[in-house]
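Subject: Structure handover and findings

Dear colleague,

Please find below the structure that I am handing over to you. My findings follow it, arranged by topic.

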Amino acid sequence: MSHRPFPGRRSVLRGSLAASAALTLPTALGSAPVFALSGRPKAGWGVQTGDVTCDSGLVWVRSDRPARMIVETSATESFRKTRRWHGPLLGADTDFTGTTRLRGLPSGEQIHYRVLLADPDDPRRTGEPVTGTFRTASARRRDGIRFVWSGDLAGQGWGINPDFGGYTIYNAMGALDPDFFLCSGDNIYADGPITSSVALPDGSTWRNITTQEKSKVAETLAEFRGNFRYNLLDDNLKRFNAQVPSIVQWDDHEVTNNWYPGEILGDARYTEKSADVLASRARQAFSEYFPISTLRRPDGRVYRTVRHGPLLDVFVLDMRTYRNANSTDDQTSDAQGILGAEQLKWLKGELSRSRAVWKVIAADMPLGLVVPDTGDGRPNIEAVAQGDPGAPLGRELQIAELLRFIKHRRITGTVWLTADVHHTSAQHYQPSRAAFTDFEPFWEFVSGPLNAGAFPASALDDTFGPERVFVKAPTAANVSPAGGYQFFGEVDIDGHSGELTVRLREQDGTVLFTQVLQPGRVGQ
């Protein structure tokens, strides 16, 4: 693979907010109607690309006022020869955000782009262009693939700390020159207010940039939008977004902790108690702030397949929207499970049709790690495993059905990637160790958080026979990013041998664990 330095040669950001600015930022920065609207439209929130394939991709931008989005692409950063794409009119109905789909792109090539924002009343008046770049997926197997993944950003009250350099983990990920970044959920913590300072155990102080929308739990559409804007105050993230495409999924904290459809919240911080109402508002803001290919469909779904050439298909799951209620999860029959019947049917069909060498199942929750939900005082279960080492129960029944399907359909090259639990680990699942045995061995790799509290390692459930081959986690709960334990993972697929190498890395890029997997096998 070719490598580009990070940050690159390109001038990728214009008018970004300096980290040395005042720590408390007024609502005016996130609300276009109160801007001083003289001059030309500005795009101070940077650019993003998402769901990039061999011949297409999505470009995102936010304006400071009504504007027409225009994208120009070129094979060179000089933009001597350009192709122009006319995008949507950006207005208050989408919080002045917009996405333009680029089609007919050359495969395996570096695409340079710039976004112009034009005055709707005078298209000749455009703001200063904001530039970015991305690589399309290669149709040639020999080119190989590299990507990174993680999750959990600005959680547990740990926000953008200018003394700490902000979200520096994005610099380490960008330095690997990945083809894309898979964000495994918890892109925001809508239920986690951020205060200006937090006392640390050693007597020092963690300082946060704060905004009005992050001063309380998010309930209104404006507050959810403000949560997504908050992260874009970080220059490291904006620089990364301008150079690395994303594949984004969501989990619970985009709405509220451990939510499920139909839930009525008992949290006294909320005046809106319906999780469904909150989820509807959160989904709208989520769809406005990320370039995701399926969110404009009538069903507005998050789950999808992103095809990345002959070596890789990424199956992005939504383990939140269609799940049953959190419970003790010990029922002996469960048609709904954590995916819902329709999503399970979709996943089986997509896996059966895939001809990619590797099939990454991007899960927003782990399979064999016990994740409790004790928010209402009861010993409920938040993920799949409930700690009973025997035959599958509850949501495990649906996962058992899927694993059996993969085995009997002889589907090769499946690997599970996730985040959620705020530590990093590698689990190998083996029928000879399991209570349920009708599946082939597979690996699950966990990474994260990006910038959030770190937590001790989760207990394992032996139903599917996991062996924890590697783990790094603190012994105390909610360790701040200043204490370390911030992680991301890297996946490298060799174009010649087809081998897939997983590296679990620390915040600065240090490799903690490496595992090499061989292609063409139903089990690993």
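Which residues have the most contacts inside the largest nonpolar core? The model is a predicted one, and in it they are Tyr167, Tyr170, Met173, Phe181 and Phe286, within a core of 47 residues. The elements giving two or more residues to this core are helix H1 (169-174), E11, H2, H3 and helix H4 (275-289). H4 gives the most, with 7 residues. There is also a second, separate core, which has 34 residues and includes Met319, Ile338, Met365 and Tyr429.

Cavities

The count of cavities of 30 Å³ or more comes to 4. The largest cavity holds about 230 Å³ of space. Its lining consists of 19 residues, and those nearest its centre are Tyr170, Asn187, Leu237, Asn241 and Phe290. Tyr170 thus appears in two lists: it is among the residues with the most contacts inside the largest nonpolar core, and it is among those nearest the centre of the largest cavity. Two or more lining residues come from each of strand E11 (180-183), helix H2 (221-231), helix H3 (235-241) and strand E15 (246-248). H3 gives the most to this lining, with 3 residues. By residue class, the lining of the largest cavity divides into 14 nonpolar and 5 polar residues, with no charged ones.

The largest pocket

The volume of the largest pocket is about 450 Å³. It is lined by 19 residues, and Gln156, His253, Asn257, His422 and Phe455 are the closest to its centre. The lining of this pocket comprises 7 nonpolar, 7 polar and 5 charged residues.

One of the residues closest to the pocket centre, Asn257, belongs to the loop between E15 and H4. Is Asn257 buried or exposed? Neither term applies: Asn257 is partly exposed, because its relative accessible area is 39%, and the partly exposed class lies between the limits of 20% and 50%. Asn257 is separated from Gly98 by 159 residues in sequence, and their C-alpha atoms are 28 Å apart in space.

Strands and sheets

As general background, the strands of a sheet pair through backbone hydrogen bonds, in either a parallel or an antiparallel sense. One open sheet in this model contains 7 strands in the order E16-E17-E18-E21-E23-E22-E24, and its pairing is mixed. Strand E16 (304-307) and strand E24 (466-472) are the edge strands, each pairing on one side only. From one strand to the next, the twist averages 20°. Within this sheet, strand E22 (residues 424-429) and strand E23 (residues 442-446) run antiparallel and are joined by 5 bridges. His428 has Trp443 in E23 as its bridge partner.

Strand E4 (residues 67-74) may also be of interest to you. It is mostly covered, with 7 of its 8 residues buried. E4 pairs in the antiparallel sense with strand E5 (residues 83-90) over 6 bridges, and the bridge partner of Glu72 in E5 is Arg84. E4 is also joined to strand E7 (residues 110-119) by 7 bridges, again running antiparallel. In that pairing, Met69 stands opposite Leu117 of E7.

Yours sincerely

Note on methods. Residues are numbered from 1 along each chain as its sequence is written. This is a predicted model: local features need pLDDT of at least 70, side-chain atom pairs count only at pLDDT 80 or more; totals for chains, interfaces and linings use all residues. Side-chain values use heavy atoms; hydrogens and water are left out. On a 1 Å grid over the protein atoms alone, a cavity is a set of points where a 1.4 Å probe fits but cannot get out, and a pocket is an open set with protein on both sides within 12 Å along at least five of seven lines; lining residues have an atom within 4 Å of a point. Grid points are joined across faces, edges and corners, and a volume is the space filled by probe spheres set on the points. Helices (H or I, at least four residues) and strands (E, at least two) are DSSP runs, numbered from the N terminus. Ala, Val, Leu, Ile, Met, Phe, Trp, Tyr, Cys and Pro count as nonpolar, Asp, Glu, Lys and Arg as charged, and the others, Gly among them, as polar. A nonpolar core is a set of buried Ala, Val, Leu, Ile, Met, Phe, Trp, Tyr and Cys residues joined through side-chain atoms within 4.5 Å. Buried means under 20% relative accessible area, exposed over 50%, partly exposed in between (1.4 Å probe, protein chains only). Two strands pair if DSSP finds at least two bridges between them. Axes are lines fitted to C-alpha atoms, for helices over the stretch in contact, and angles run from 0 to 180 degrees between N-to-C directions.
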